[in-house]
Amino acid sequence: VSRVFAHLHPNMSNVEKVKSVHDYMVRNVSYDLANLQAGTIPWVDYGAYGALVNKKAVCSGYTAAFQLLMERLGIPVTTITSGSMNHAWNMIQLDGSWYHVDITWDGSLWYGCFLKSDAVIANAGHGLGLSKPGHYDWYSSYKATNTKYDNFDWMNATSETMNEGKAVTTATVQ
């Protein structure tokens, strides 16, 4: 936990802290695909310890670690599960609105499952080995209806644009 929080600064907003934790986990935790395929997933992969200490986990390990970190930061968080998908991810609350965060499926800083509304998360994801792509058949007491970050350009975000939730326009020089 201290390694993850070492990347945080006291003047960061909650959205900046959440992005920093997300990015740390994407860069430092790997999915234990070998053990999944062999049917030999060790129990530690299912919890926060596997993700934060061993740096290897399956979705519930990513989810448990992210939940622990958000709780330590005082950011409201919950776990979402889908039995049909055999998958888990998180929802967090920022400025009174709930958003989906699926770090497991956000490998390589894709950001396709970061701070998304219900509508967007339903179509986001790789769908590997699933009956359909996206996230489906989940239940939550919370609704993620705010679309503030649905089309946000996280790769080119600044503190100002992140905190305002404004879209970032980028240009390419050829």
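Here are some worked exercises on the structure above.

The model is predicted, so local features are used only at pLDDT of at least 70 and side-chain atom pairs only at pLDDT 80 or more, while totals for chains, interfaces and linings use all residues. Residues are numbered from 1 along each chain as its sequence is written, and side-chain values use heavy atoms, with hydrogens and water left out.

**Exercise 1. Get an overview**

Task: find how many helices and strands the protein has, and check its radius of gyration against the globule rule.

Solution:
- Step 1. Start with the count: there are seven helices and six strands. Helices (H or I, at least four residues) and strands (E, at least two) are DSSP runs, numbered from the N terminus.
- Step 2. Now walk along the sequence, and you get α-α-β-α-α-β-α-β-β-β-β-α-α.
- Step 3. The globule rule is 2.2 Å times the number of residues to the power 0.38, and the radius of gyration is taken over C-alpha atoms. For 174 residues, a compact globule would come out near 16 Å; the protein has 16 Å, so the two agree.
- Step 4. For the outline, the C-alpha atoms fill a box of roughly 45 × 45 × 35 Å along the principal axes.
- Step 5. Buried residues make up 48% of the 174. Buried means under 20% relative accessible area, exposed over 50%, and partly exposed in between (1.4 Å probe, protein chains only).

**Exercise 2. Test two helices**

Task: work out what span to expect for α2 and for α5, and which residues of each are buried.

Solution:
- Step 1. Take the rule: the expected span is 1.5 Å times one less than the number of residues.
- Step 2. Helix α2 (residues 14-28) has 15 residues and reaches 21 Å from first C-alpha to last, close to the 21 Å expected.
- Step 3. α5 has 15 residues too, and its end C-alpha atoms are 21 Å apart, which agrees with the expected 21 Å.
- Step 4. Look at cover. In α2, 12 of the 15 residues are buried, including V15, V18, H22 and Y24. In α5, the buried residues include C59, Y62, F66 and L69.
- Step 5. What covers the buried residues of α2? Among the elements are α1 (2-5), α5 (59-73), β4 (87-94) and α7 (159-164).
- Step 6. Just after α5 comes G74, whose phi is positive, near 75°.

**Exercise 3. Put the sheet together**

Task: give the order of the four strands in the open sheet, and say which strands are at the edges.

Solution:
- Step 1. The order is β3-β4-β5-β6, with antiparallel pairing. Two strands pair if DSSP finds at least two bridges between them.
- Step 2. The edges are β3 (77-82) and β6, since each pairs on one side only.
- Step 3. On average, neighbouring strands are turned by 35° against each other, direction ignored.
- Step 4. Now the pairs. β3 and β4 are joined by six bridges, and I80 stands opposite W89 in β4. β5 and β6 are joined by two bridges, with V101 opposite F114 in β6.
- Step 5. Check the turn: β3 and β4 form a hairpin with four residues between them, and N86 in that turn has a positive phi of about 55°.
- Step 6. Add the helix: α5 lies across β3, β4 and β5, at about 20° to β4. Axes are lines fitted to C-alpha atoms (for helices, over the stretch in contact), and angles run from 0 to 180 degrees between N-to-C directions.

**Exercise 4. Buried or exposed?**

Task: decide whether H100, L115, K55 and W43 are buried, partly exposed or exposed.

Solution:
- Step 1. H100 is in strand β5. Its relative accessible area is 0%, so H100 is buried.
- Step 2. Contact means heavy atoms within 4.5 Å. Leaving aside neighbours within four places in sequence, H100 touches W89, F114, L115 and W138, among others.
- Step 3. L115 is in strand β6 and also has 0%, so L115 is buried. Its phi is positive, near 55°.
- Step 4. K55 sits in the loop between α4 and β2 (56-57). With 24%, K55 is partly exposed. Phi of K55 is positive as well, near 60°. Most residues other than glycine have a negative phi.
- Step 5. W43 is in the loop between α3 (33-38) and α4 (48-54). At 72%, W43 is exposed.
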